[in-house]
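Student: I should like to discuss how the descriptions attached to a structure follow from their definitions. May we take one example and reason through it?

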Protein chains: 2
Amino acid sequence: MSEHIDGRNLRSINTRKRLLAAGYDIFIEFGFQKATISQIIKKAKTGYGTAYIHFSGKDDLLIVLMDDVMNRFYEIAKMSFEPTSKQEAIDMITMQTRLFLENAIQEQAIMQVFMEAIRHSDKVQEKWIEIRESFVEQIAKDVAYAQKTGLARTDLDNYLVARNWFSLNESHLWDIVNQTNKHSVAEITHNITALYTGGLYY
Amino acid sequence: MSEHIDGRNLRSINTRKRLLAAGYDIFIEFGFQKATISQIIKKAKTGYGTAYIHFSGKDDLLIVLMDDVMNRFYEIAKMSFEPTSKQEAIDMITMQTRLFLENAIQEQAIMQVFMEAIRHSDKVQEKWIEIRESFVEQIAKDVAYAQKTGLARTDLDNYLVARNWFSLNESHLWDIVNQTNKHSVAEITHNITALYTGGLYY
């Protein structure tokens with residue numbers, strides 16, 4: 001029998017949502033290391049026992065938030081990509097890159113927490129590596145498509161190309177999150193897209 | 001009057017050298033966090049008072065080692081670069097990239113310590129950012145040269161190009177140090193050089 005949502009399930013789902021929302025706010029206010037699970041529980045107006053049914057600790061809760069936020073980046077990465085010319089590929093990649101980096105500005109506060117958490121929690125770092133891998137695999141499909149349709153160089157390994165492309169995006173992502181970027185999103189987008197598409201496409 | 005090297009200075013220089021050599025070995029054996037300054041002092045056969053004249057702590061000593069090791073990478077980055085054609089540029093950049101990544105294999109044990117230290121010490125992380133900046137500035141000169149001589153696209157900011165190129169190299173550097181690289185140095189070199197030179201050069 002499939003699980004159906006009764007009153008009890010609904011309360012449980014709501015508690016989980018409240019814990020996540022509280023975690024989001026508390027992490028942004030105090031940072032990953034200083035935030036405590038007690039603060040989050042208090043803000044979510046629930047008890048310890050109930051909270052621990054949902055999350056084993058703050059690393060755990062943060063990982064769910066990270067998955068959620070990174071999904072919004074992933075939506076951009078997995079936009080349909082079927083260019084019929086080099087110029088179409090350049091236009092699509094330019095748009096994706098711009099959206100990706102603008103999203104970093106949008107999510108700056110929570111991304112800063114993620115950066116701190118990746119640095120200080122092995123569990124969160126592992127999760128980040130897993131997330132990165134899913135982006136690389138998604139990009140690798142796009143590269144393979146462009147290679148198959150004769151638009152892109154076939155002497156380059158599509159997985160390695162994808163990894164390099166994501167590295168470029170990621171380095172600027174963190175720069176933007178840190179506000180250490182010396183260039184605008186438009187300039188960064190132009191620069192990395194030109195290098196990437198110029199190098200990959202015929 | 002300029003300082004001359006008398007017996008006392010010579011002893012001091014030798015003590016410093018012994019501390020660095022001892023630090024190198026102890027860090028590789030125990031890692032950055034587990035290594036203690038006492039172990040290093042003992043191995044260097046010197047006293048606390050003398051050691052502290054040279055280094056205020058293990059972060060400080062590690063930073064000198066990092067400077068020293070990274071100088072060997074820097075020697076590669078600052079090789080003379082005056083290509084007269086795109087092909088010459090590709091050949092030179094391919095060689096530099098290969099040497100750079102091979103050097104990462106060579107220095108793998110100490111680089112692993114550096115990676116750990118960058119993660120756990122703000123002082124070391126700051127130093128790493130400073131070192132990265134010096135690489136980017138050196139590369140930016142080469143890019144400017146290629147732009148000035150009409151070989152490279154002038155619509156791209158040379159500093160931003162340099163930063164992107166170093167990012168690509170750095171991401172593979174750490175992959176190699178971690179032994180998480182799924183491709184050989186030859187494959188990585190071919191891939192990143194193709195993207196970079198294909199994107200930048202006419």
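Student: Which residues of chain A does the UniProt annotation "domain: HTH tetR-type" cover?

Tutor: According to the UniProt record, an unreviewed entry, that annotation covers residues 13–73 of chain A. Please note that the model before us is predicted. Over residues 13–73 the chain is 79% helix and 0% strand, and the end C-alpha atoms lie 25 Å apart.

Student: How many helices and strands are there in chain A as a whole?

Tutor: Chain A has nine helices and zero strands. Read from the N terminus, the order of elements is therefore α-α-α-α-α-α-α-α-α, each helix being a DSSP run of at least four residues. The C-alpha trace of chain A spans about 60 × 50 × 25 Å along its principal axes.

Student: What makes the span of helix 4 of chain A close to the expected value?

Tutor: Helix 4 comprises residues 58–77, which is 20 residues. The expected span is 1.5 Å times one less than the number of residues. That gives 28 Å for helix 4, and its first and last C-alpha atoms are 28 Å apart, so the two agree closely.

Student: Where does helix 4 of chain A bend, and by how much?

Tutor: The bend is about 30° and is located at Asn71(A). This value is the angle between axes fitted to the seven residues ending there and the seven starting there.

Student: Why are Leu61(A) and Phe73(A) called buried?

Tutor: The term requires a relative accessible area under 20%. Leu61(A) and Phe73(A) are among the buried residues of helix 4, which also include Met66(A), Val69(A) and Tyr74(A). The buried residues of this helix pack against helix 1, helix 2, helix 5, helix 6, helix 7 and helix 8 of chain A. In chain A, buried residues make up 50% of the 202 residues.

Student: What share of the contacts in chain A between residues at least 6 apart in sequence joins residues at least 24 apart?

Tutor: The share is 73%.

Student: How do you know that the two copies are related as by a two-fold rotation axis?

Tutor: Chain A can be laid on chain B by a turn of 180° and a shift of 0.0 Å along the axis, with an RMSD of 0.0 Å. The two copies are therefore related as by a two-fold rotation axis. The same surface serves both copies, as 100% of the contact residues of chain A recur in chain B.

Student: Which residue of chain A comes closest to the rotation axis?

Tutor: Gly199(A) does, its C-alpha being at 2.1 Å from the axis.

How values were computed
Residues numbered from 1 in each chain as written. Chains lettered and ligands numbered in written order. Predicted model: local features only at pLDDT ≥ 70, side-chain atom pairs only at ≥ 80, totals over all residues. Heavy atoms only, no water. Helix = DSSP H or I, 4+ residues; strand = E, 2+ residues; numbered from the N terminus. Buried < 20%, exposed > 50% of the residue type's maximum accessible area, 1.4 Å probe, protein only. Contact = heavy atoms within 4.5 Å. Least-squares fit on C-alpha atoms with pLDDT ≥ 70 in both. UniProt positions renumbered as here; feature names shortened; annotations may be inferred.
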